[in-house]
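Me: I would like a close look at one helix of this model and at the residue within that helix whose surroundings can be described. Please set that part in the context of the whole chain, and then turn to the places where the backbone departs from the usual.

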Amino acid sequence: MNNTHTQDTLLEKYDKESAFRKNIGRWSWVVTLFAVTLTGFHLYTGYFGTLPTQKQGAVHLGLALGMIFLLYPASRKGINRPSVAWYDVILAFVATFVAYYKILFFDEILRARVTGYSTVDLIIAVLGVLFVLEATRRTVGMPIVIVAALAIAYALFGNFIPTRILSHPGFEMTDVSVSLWFRESGIFGTPIQISAKFIFLFLFFGVVLTRTGVGQFFNDLAFACTGRYTGGSAKAAVIASAFQGMISGSSVGNTVASGSFTIPMMKKAGFKPEFAAASEAAASTGGQIMPPLMGAAAFIMVEYIGVSYAEIMMAAVIPAVLYFSGIFIGAHFEAKKQGILGIPKEQLPSKLDLLKRQGYMLLPLVVVVGTILAGFTAQRAALLGIGAALLVSMVRKESRLTPKSLLSLLEQGARVALPVIAAVATAGIIAGVVGMTGLGAKFAAGIINLADGTLILALIFTMIACIVLGMGLPTTANYVVTATIAAPALINEFGLAPIAVHLFVFYFGIVADITPPVCLAAYAGAGIARANPMKTGVTAVKLAIGAFIIPYVFIYHPILVLVDVNLPELIMALVFALLGMMAISSALIGYFIRPSSLPERAMLLAAGLAMIMPGVVSSGSGLLLIAVCYWLQRQRPALVATS
């Protein structure tokens with residue numbers, strides 16, 4: 001079985017987004033036409049200015065719905081069947097028309113808000129909601145559809161619930177459908193607007209970067225920098241996955257793409273299959289929190305908080321560094337524990353030679369970061385980044401674009417965006433119901449009452465909600481739901497910094513991909529490594545433990561997300577946090593400078609937790625515990641490690 005086929009099989013199994021028809025016969029030209037039109041539309045409006053939000057969203061969603069019904073079958077059985085089922089062809093064109101109805105009768109629909117909607121309007125609204133739910137089921141899966149369906153059911157029948165906390169005035173089906181389809185607070189609300197303005201362009205930017213071969217460059221650079229050190233193959237995998245993850249934005253997709261190369265190398269070096277798969281999954285999952293690109297939810301965060309993307313990006317830097325440092329350090333201690341050495345220097349590429357020959361590939365990322373930091377919009381940064389990436393692709397013959405490959409690139413840009421578009425549209429349904437029924441305020445009150453006004457309990461309950469939702473919802477949809485329902489409670493009731501709270505729910509939505517029992521990124525990695533999936537998930541949690549701790553740290557110590565920055569205090573907090581992550585990783589792996597006994601592991605864990613929490617006493621206590629553990633282990637003779 002060749003490597004490409006293996007990747008496709010794993011993606012179809014663990015990544016719903018990749019379970020599309022490979023052969024659509026005569027309808028391929030329709031998909032190409034829709035895709036090229038959609039990508040061209042976003043490039044045009046990104047440069048010359050977007051349409052009114054309802055029209056922009058209608059073009060964005062309409063073409064996406066048409067492609068989804070042509071590409072994604074109703075069940076997995078249809079993936080390998082030739083051509084497209086007749087009913088999917090009908091659904092594709094009807095769904096596109098339903099979305100474009102908003103454009104064709106734009107003025108009449110605006111007037112109908114005062115005069116009343118016609119019967120045709122009501123039918124269109126109901127069909128629109130149903131088409132979005134079905135398209136999301138096909139591209140993303142059932143869990144998010146179930147959550148959205150429960151939200152709609154609550155809007156319709158919540159008045160029958162005999163409690164003050166949940167009940168609300170009843171709504172008719174037509175009221176709910178019209179509100180979700182024709183108003184700005186539902187399907188065409190903030191999530192789809194941001195997707196139509198920013199997210200699509202950055203997804204296309206990632207596609208162009210991949211086409212230039214920048215992913216392989218990142219792999220080579222990572223191995224050149226760290227490959228020769230202890231456990232070098234695992235450390236290189238962590239760095240390479242951090243780079244690639246911020247381009248792809250998909251935990252499972254990045255695990256499969258990068259892991260197909262890194263996991264066999266780690267196994268060959270001597271790492272256990274579960275550890276090799278877990279380190280790749282943990283690093284790939286963290287790509288969504290790694291600036292400058294991050295995941296799609298980061299762009300929605302801009303609107304929810306009301307700050308620039310540059311501020312989001314800068315605030316996320318230190319938490320991301322801590323997260324990847326934890327995985328990197330964990331890989332180091334595991335390598336020391338197993339006696340795994342680095343890769344021979346002669347087998348590695350030269351850093352200097354690599355940068356001389358291919359350093360120009362960093363230009364698109366430099367352009368994006370520089371443009372954002374210069375104060376330009378994320379939209380303009382994406383356009384300039386795409387332009388720079390296209391220029392970079394012209395340098396080498398193998399990546400140079402021909403008319404045919406350019407057409408394919410435009411098509412791939414739209415295809416990659418389809419699951420995201422469907423997910424944010426369905427997230428809009430949930431957010432719309434929350435606003436319509438006042439569920440957000442009721443949920444917030446429930447959290448406060450359950451926590452009895454205690455911040456740490458409120459944070460724990462919010463974390464659990466994010467992880468549970470994240471087991472079935474894509475990261476972007478999970479963020480929309482929790483940012484709509486849970487975040488306001490933490491901000492308003494406890495006076496927390498908004499950016500810290502939104503990053504808190506963002507983090508815990510992401511780590512669901514490596515948290516058992518539903519840890520799809522870990523399962524995908526286990527498939528490549530031929531490892532036990534559940535053990536892989538548990539190991540991934542150990543390696544990515546920082547993602548479970550760091551959010552609490554920046555809630556209590558928001559200087560780490562650059563709120564009220566004082567440089568000496570920031571440096572001190574960062575140093576102690578890194579030392580704390582080292583101690584925690586050491587405790588979980590079971591190795592410091594020698595294999596650690598159970599009491600020593602408990603001591604290191606306590607030291608790490610003490611050091612990452614703000615405070616002179618706690619940090620000093622942590623340092624003392626580390627020093628004691630170091631002294632105890634120095635008293636024992638070193639074991640001779642074999643590689």
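Reply: What follows begins with the whole chain, moves to helix H22 and Asn478, and then compares other sites.

The model is a predicted one, and its secondary structure consists of 30 helices with zero strands. The radius of gyration is 25 Å, close to the 26 Å that the globule rule gives for 643 residues, so the protein is as compact as a globular protein of that length. The C-alpha trace spans about 85 × 65 × 50 Å along its principal axes. Of the 643 residues, 56% count as buried, and the accessible surface comes to about 25800 Å², with 66% of that area belonging to carbon and sulfur atoms. When contacts between residues at least 6 apart in sequence are considered, 78% of them join residues at least 24 apart. As for charge, there are 43 positive and 28 negative side chains, and the centres of these two sets lie 10 Å apart.

Against this background, helix H22 covers residues 475-485, and ten of its eleven residues are buried, so the helix is largely enclosed by the rest of the structure. The buried residues are Thr475, Thr476, Ala477, Asn478, Tyr479, Val480, Val481, Thr482, Ala483 and Ile485. The list holds Thr475, Thr476, Asn478 and Thr482 alongside Ala477, Val480, Val481 and Ile485. An α-helix has 3.6 residues a turn, so residues three or four places apart point the same way. In H22, Thr475, Asn478 and Thr482 are among the buried residues.

Asn478 lies in this helix, and its relative accessibility is 0%, which is why it counts as buried, the limit for that class being under 20%. Once its neighbours within four places in sequence are left aside, Asn478 is in contact with Cys466, Leu469, Gly470, Leu473 and Gly509.

The nonpolar interior can be described in a similar way. In soluble globular proteins, nonpolar side chains tend to be buried together. The largest nonpolar core here has 214 residues, among which Trp181, Tyr309, Tyr323 and Phe554 touch the most other members. Helix H19, residues 403-437, gives the most to this core, with 17 residues. A second, separate core of six residues includes Ala222, Phe223, Ile343 and Leu348. Returning to Tyr323, its contacts beyond four places in sequence are with Ala282, Thr285, Gly286, Ile289, Ile514, Ala544, Ala547 and Ile550.

Two further helical residues offer a contrast in exposure. Ser393 is found in helix H18, residues 378-393, and is buried, with a relative accessible area of 1%. Apart from neighbours within four places in sequence, Ser393 is in contact with Thr212, Ser399, Arg400 and Leu401. Ser393 and Asp513 are 120 residues apart in sequence, and their C-alpha atoms are 33 Å apart in space. Lys337, by contrast, belongs to helix H15, residues 309-338, and counts as partly exposed at 41% relative accessibility. Its contacts, with neighbours within four places again left aside, are Ile589 and Tyr591. Lys337 and Arg594 are 257 residues apart along the chain, yet their C-alpha atoms are separated by 7.8 Å.

The last part of the request concerns the backbone. Most residues other than glycine have a negative phi, and most peptide bonds are trans. A cis peptide bond joins Pro291 and Pro292, with omega at about 15°, and Pro292 has its place in the loop between helix H13 (273-286) and helix H14 (297-305). Two positive phi values are found in the loop between helix H27 (545-556) and helix H28 (567-589), where Leu562 is located and where Asp564 also has its place. Leu562 is not a glycine but has a phi of about 65°, while Asp564, likewise not a glycine, has a phi of about 55°. With regard to exposure, Leu562 counts as partly exposed at 31% relative accessibility, whereas Asp564 counts as exposed at 72%.

Notes: Residues are numbered from 1 along each chain as its sequence is written. This is a predicted model: local features need pLDDT of at least 70, side-chain atom pairs count only at pLDDT 80 or more; totals for chains, interfaces and linings use all residues. Side-chain values use heavy atoms; hydrogens and water are left out. Helices (H or I, at least four residues) and strands (E, at least two) are DSSP runs, numbered from the N terminus. The radius of gyration is taken over C-alpha atoms; the globule rule is 2.2 Å times the number of residues to the power 0.38. Buried means under 20% relative accessible area, exposed over 50%, partly exposed in between (1.4 Å probe, protein chains only). Contact means heavy atoms within 4.5 Å. Accessible areas come from the Shrake-Rupley method with a 1.4 Å probe; for residues, only the protein chains shown count as cover. Lys and Arg count as positive and Asp and Glu as negative; His and the chain ends are not counted. The place of a charge is taken as NZ of Lys, CZ of Arg, CG of Asp or CD of Glu. A nonpolar core is a set of buried Ala, Val, Leu, Ile, Met, Phe, Trp, Tyr and Cys residues joined through side-chain atoms within 4.5 Å.
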